[in-house]
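Thank you all for coming. I would like to take you through one structure today, going chain by chain and then to the place where the chains meet.

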Amino acid sequence: MTGFAAYLVFFLIVALTYSIVVMGLNIQWGYTGLFNAGVVGFFAIGAYGTAILVGPDRTHLIGGFGLPFPLAVLGGMALCALAALIVGLATLRLREEYLAIATFGIAISIQLVALNFESLTGGAQGLVGLPRPLFGLFDSPASYNLFYLGVVAVMAGLVYWALETAVRSPWGRLLKAVREDETAARSLGRNPARVRLEVFVLGCVLMGLAGGLYVGFIGYVSPLDFLPILTFQIWAMLIVGGSGNNRGAIVGAVGVWALWAMSGLAISRLLPVAYQSQGGAIQVILIGLLIVLTLIFRPRGLIGEAESVSKHAD
Amino acid sequence: MLQAIADGILSGSIIALGAIGLTLTMGILRFANFAHAELVTWGAYMALGVLSLTGAFMGPLAPFSFGVPLLMATLVAMVATALLALAIDWLVYRPLRGRANHLTLVFGSFGVSLLVRMVILLLFGGAAQYYSSTLQIAMKVAPGLRIMPDQIFTLGLTAVIVVALHLFLQKTRLGLSMRALAENPELARVNGIDTRHVVRWTWIIGASLAAIAGVLYGLTVQLRPEIGFHLLLPLFAAAILGGVGNVFGAVIGGLIVGLAESISVLFIPAGYKLAVPFMILLLVLYIRPTGIFAGTVGGGKS
């Protein structure tokens with residue numbers, strides 16, 4: 001494979017992994033109107049959970065269960081569900097803002113645990129040398145990456161299909177009902193707080209799934225892969241693609257990740273070495289502008305939410 | 001232990017100043033402003049910018065490490081921060097107000113927080129900076145307790161501001177309008193209160209206090225572009241603990257959060273200090289979501 005094709009495969013694996021996170025956020029924000037300000041925290045819980053369960057036994061570390069990869073990912077997702085329950089039960093019966101604040105808090109706390117709980121997370125060095133699923137079956141890293149792209153694409157496709165089925169079900173209509181008019185939903189005998197909790201946990205579990213897939217691909221975890229900026233990047237992907245639309249979530253993930261990669265390349269080529277850190281700031285400013293400008297001028301994003309009108313209406 | 005309590009009261013008073021502005025905006029403008037803590041950073045750096053332009057041409061006022069220049073710089077920083085808050089309100093929040101989902105405003109402030117932080121990083125660089133390079137000798141107040149004169153100044157200033165703000169809210173017409181708008185927006189409007197006027201002054205007061213908090217933080221700790229990011233959770237915890245919209249509550253909340261942070265270091269590794277406000281926040285939300293002193297907009301859904 002040429003260098004560019006190899007890079008493209010690498011790029012698509014990461015972009016499609018993020019698209020699963022974006023779809024998780026989409027069911028929370030796009031369909032139900034829940035603001036999750038700690039996306040990176042749940043992605044990290046899934047990644048670290050997977051890493052700890054899949055990793056080989058090491059004397060100086062807790063964990064090292066050496067579980068098969070799929071089981072480890074499921075374990076990471078279960079941890080995400082637990083964290084989401086703790087935050088969700090505290091906040092979802094209160095004003096909507098409190099969920100935003102609490103998720104912001106859990107993301108910071110997870111970052112601290114990742115950095116400081118060295119005997120579990122490996123601290124600043126992270127956990128390295130994790131087994132990559134089925135790596136031994138391939139003769140070159142390039143063909144393995146191609147295989148892994150297939151795995152991630154199938155997983156993203158499955159998540160897409162499952163969410164599309166879910167939002168078209170009566171349960172899915174309930175989400176929008178709770179978002180649009182909580183009082184009406186309640187008067188029809190629904191429990192909005194419960195629906196919110198279900199959606200919040202589901203979205204966070206999907207973020208955890210993506211975290212697990214990410215670890216399987218790179219073969220290590222490090223706190224540097226879970227910086228707060230990722231939360232903003234995921235939000236930019238969602239709003240650019242158009243919230244309330246899963247196709248938009250995938251388009252946004254690939255598009256914004258491409259923009260990020262290209263702006264990084266442009267800065268490293270064009271700016272002198274002395275100004276590289278300022279270049280990094282400019283790159284982040286682009287993400288911030290993308291969020292704020294889209295929110296003001298094109299709130300429906302590139303694709304946006306499809307109108308849903310009852311077939312009984314005129 | 002004594003030292004930890006003294007340090008906690010000090011950082012708590014800085015958190016309190018920031019939390020007052022946050023609780024006012026949360027109570028009156030009715031949204032959780034994720035960008036509020038960035039106003040603290042902005043204020044701190046604006047003062048640094050003024051100092052670096054004018055230079056510390058007058059010696060420090062003993063026993064403090066700073067002199068008249070920093071006081072002047074603080075005034076300029078307050079104006080600059082108020083202007084930034086008004087500009088953000090006009091450019092970002094005004095077009096987003098009235099959208100069906102009021103969380104759009106929270107989302108907007110989330111994006112703005114990133115922008116402000118990065119602009120500061122771009123303008124001033126990422127390294128830690130100080131207002132003054134002179135080292136201050138801590139005074140030994142009691143056995144095992146050392147306090148720097150700057151820290152006493154910080155405490156005194158906070159107390160004066162809290163009293164002044166209390167009188168403002170109780171005695172002046174504008175203060176009364178602000179409380180009215182926080183308690184019942186519809187009723188306030190019916191009674192002819194100019195909402196836009198009150199909103200403007202809410203930003204000016206909140207941002208000015210944030211700027212002062214930023215300068216005091218820079219004076220007693222150090223300046224970094226991440227100040228605001230690290231203060232955001234303590235500010236939210238303090239505002240919610242004290243009851244959203246309740247100024248006095250924000251002060252008590254700030255002191256509790258500051259004390260809890262500094263005392264926690266005696267029992268858990270210092271690396272987890274930043275998670276303490278989150279634990280307080282979760283506890284409050286589980287046990288008493290309206291805060292210790294019921295705020296104007298309590299925990300219930302509005």
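Before I read out any pattern, let me say what I count as an element: helices are runs that DSSP assigns as H or I over at least four residues, strands are runs of E over at least two, and both are numbered from the N terminus. Please also keep in mind that what you see is a predicted model.

Let me begin with chain B, which has 11 helices and two strands, and which, if you follow the sequence, goes through these elements in the order α-α-α-α-β-β-α-α-α-α-α-α-α. Its radius of gyration is 19 Å, close to the 19 Å that the globule rule gives for 302 residues, so chain B is as compact as a globular protein of that length. If you draw a box along the principal axes, the C-alpha atoms of chain B fill roughly 55 × 45 × 35 Å. Of the 302 residues in chain B, 50% are buried, and when we take the contacts with a separation of 6 or more, 77% of them are between residues 24 or more positions apart.

Now to the two strands of chain B, where β1(B), residues 139-142, and β2(B), residues 145-147, run antiparallel and are joined by three bridges. Within this pair, Lys140(B) stands opposite Arg146(B) of β2(B). The hairpin leaves two residues between the strands, and Gly144(B) has a positive phi there, near 80°.

Two helices of chain B deserve a little more time. The helix α10(B), residues 247-264, has 18 residues and spans 26 Å from its first C-alpha to its last, close to the 26 Å expected at 1.5 Å a residue. Because 13 of those 18 residues are buried, α10(B) is largely enclosed by the rest of the structure. The other helix is α4(B), with 22 residues and a reach of 32 Å between its first and last C-alpha, again set against an expected value and close to it, namely 32 Å at 1.5 Å a residue. This helix is mostly covered, since 18 of the 22 residues of α4(B) are buried, and after α4(B) comes Gly125(B), with a positive phi near 80°.

With α4(B) in mind, where does chain B touch chain A? In total, 36 residues of chain B are in contact with 34 residues of chain A. On the chain B side, the elements that give two or more residues are α3(B), residues 68-96, α4(B), residues 103-124, α9(B), residues 227-242, and α11(B), residues 276-287. The largest share, 13 residues, comes from α4(B). Sorted by character, the residues on this side of chain B are 27 nonpolar, eight polar and one charged.

Finally, let us turn to chain A, which contains 12 helices and zero strands, so to speak an unbroken row of α when the elements are read from the N terminus on. A compact globule of 314 residues would have a radius of gyration near 20 Å, and chain A, with 20 Å, agrees with that. The C-alpha atoms of chain A fill a box of roughly 60 × 45 × 35 Å along the principal axes. Buried residues account for 47% of the 314 in chain A, and among its contacts between residues at least 6 apart in sequence, 77% join residues at least 24 apart.

Terms used: Residues numbered from 1 in each chain as written. Chains lettered and ligands numbered in written order. Predicted model: local features only at pLDDT ≥ 70, side-chain atom pairs only at ≥ 80, totals over all residues. Rg over C-alpha atoms; globule rule 2.2 N^0.38 Å. Buried ≥ 20, exposed ≤ 12 C-beta atoms within 10 Å, placed from the backbone. Contact = placed C-beta atoms within 7 Å. Nonpolar A, V, L, I, M, F, W, Y, C, P; charged D, E, K, R; others polar. Expected span 1.5 Å × (residues − 1). Pairing = 2+ DSSP bridges.
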